[in-house]
Amino acid sequence: VVDPALVKEGEKVFRKCKACHAVGGKAKHKIGPHLNGLFGRIAGTAEGFRKYSKDMQKAGADGLVWDEETLTAFLAKPRSMIKRTRMAFAGLKKEDDLKAVIAYMKVMSE
């Protein structure tokens, strides 16, 4: 069971992501892929999204699957995990923000 207060906080944190990503009911690809069905998905494989970097595609081909652990690491320091990702975001510094945004995405992406 996900804490509703944590999800609400995650919705605020997700505002940093909204310029490039969408999640929930009618989410569509933007500059970045929509994040529906993200958990358990192989990196670089959102159906219909064609703008992945070669490094993101390679990470997926090498077995990177998005779950709480891999997403936490990526959102903390994207370029440390996938060197030439096209995601311009520098990363979330606060552990509380990471937990909250992951809880939000988990609820919204199902």
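**Buried, exposed, packed: how the words are earned**

Me: Which residues does Gly24 touch, and what makes that a contact?

Reply: Once residues up to four places away in sequence are set aside, Gly24 touches Asn36 and Met108, where contact means that heavy atoms lie within 4.5 Å. This is a predicted model, in which local features need pLDDT of at least 70 and side-chain atom pairs count only at pLDDT 80 or more, while totals for chains, interfaces and linings use all residues. Residues are numbered from 1 along each chain as its sequence is written, and side-chain values use heavy atoms, with hydrogens and water left out.

Me: Is Gly24 buried or exposed, and how do you know?

Reply: The relative accessibility of Gly24 is 5%, so Gly24 counts as buried, since buried means under 20% relative accessible area, exposed means over 50%, and partly exposed is what lies in between (1.4 Å probe, protein chains only). Gly24 is placed in the loop between α1 and α2, where helices are DSSP runs of H or I with at least four residues, strands are DSSP runs of E with at least two, and both are numbered from the N terminus. The C-alpha atoms of Gly24 and Asn36 are 6.3 Å apart, although 12 residues separate the two along the chain.

Me: Is Lys26 buried or exposed, and what makes it so?

Reply: Lys26 also sits in the loop between α1 and α2, but its relative accessible area is 78%, and therefore Lys26 is exposed. Measuring from C-alpha to C-alpha, Lys26 and Asp55 are 28 Å apart in space and 29 residues apart in sequence.

Me: How do you know whether Thr70 is buried or exposed?

Reply: Thr70, which lies in helix α3, has a relative accessible area of 16%, so Thr70 is buried. Apart from its neighbours within four places in sequence, Thr70 is in contact with Leu64, Val65 and Met81.

Me: What makes the approach of Thr70 to Val65 a polar one?

Reply: A polar atom of the Thr70 side chain lies 2.8 Å from the backbone oxygen of Val65. A polar contact is a pair of N or O atoms within 3.5 Å, and within protein one atom must be able to donate a hydrogen and the other to accept it, while residues adjacent in sequence count only if both atoms are side-chain atoms.

Me: What is the largest nonpolar core, and why is it given that name?

Reply: The largest nonpolar core has 27 residues, and those with the most contacts inside it are Phe14, Trp66, Leu75 and Met105. The name applies because a nonpolar core is a set of buried Ala, Val, Leu, Ile, Met, Phe, Trp, Tyr and Cys residues joined through side-chain atoms within 4.5 Å. Two or more residues come from each of α1 (4-14), α2 (54-61), α3 (68-76) and α5 (95-108), and α5 gives the largest share, six residues.

Me: How do you know whether the span of α5 agrees with its number of residues?

Reply: The expected span of a helix is 1.5 Å times one less than its number of residues, so the 14 residues of α5 should span 20 Å, and the end C-alpha atoms are indeed 20 Å apart, which agrees. Ile102 belongs to this helix and, at a relative accessible area of 4%, is buried. What covers the buried residues of α5 includes α1 and α3.

Me: How are α1 and α5 set against each other, and what makes that the right word?

Reply: Their axes, which are lines fitted to C-alpha atoms over the stretch in contact, with angles from 0 to 180 degrees between N-to-C directions, come within 7 Å and cross at roughly 100°. Angles under 35 degrees count as roughly parallel, over 145 as roughly antiparallel, 65 to 115 as roughly perpendicular and the rest as oblique, and therefore α1 and α5 are roughly perpendicular to each other. Among the residues that make the contact are Val13 of α1 and Val101 of α5.
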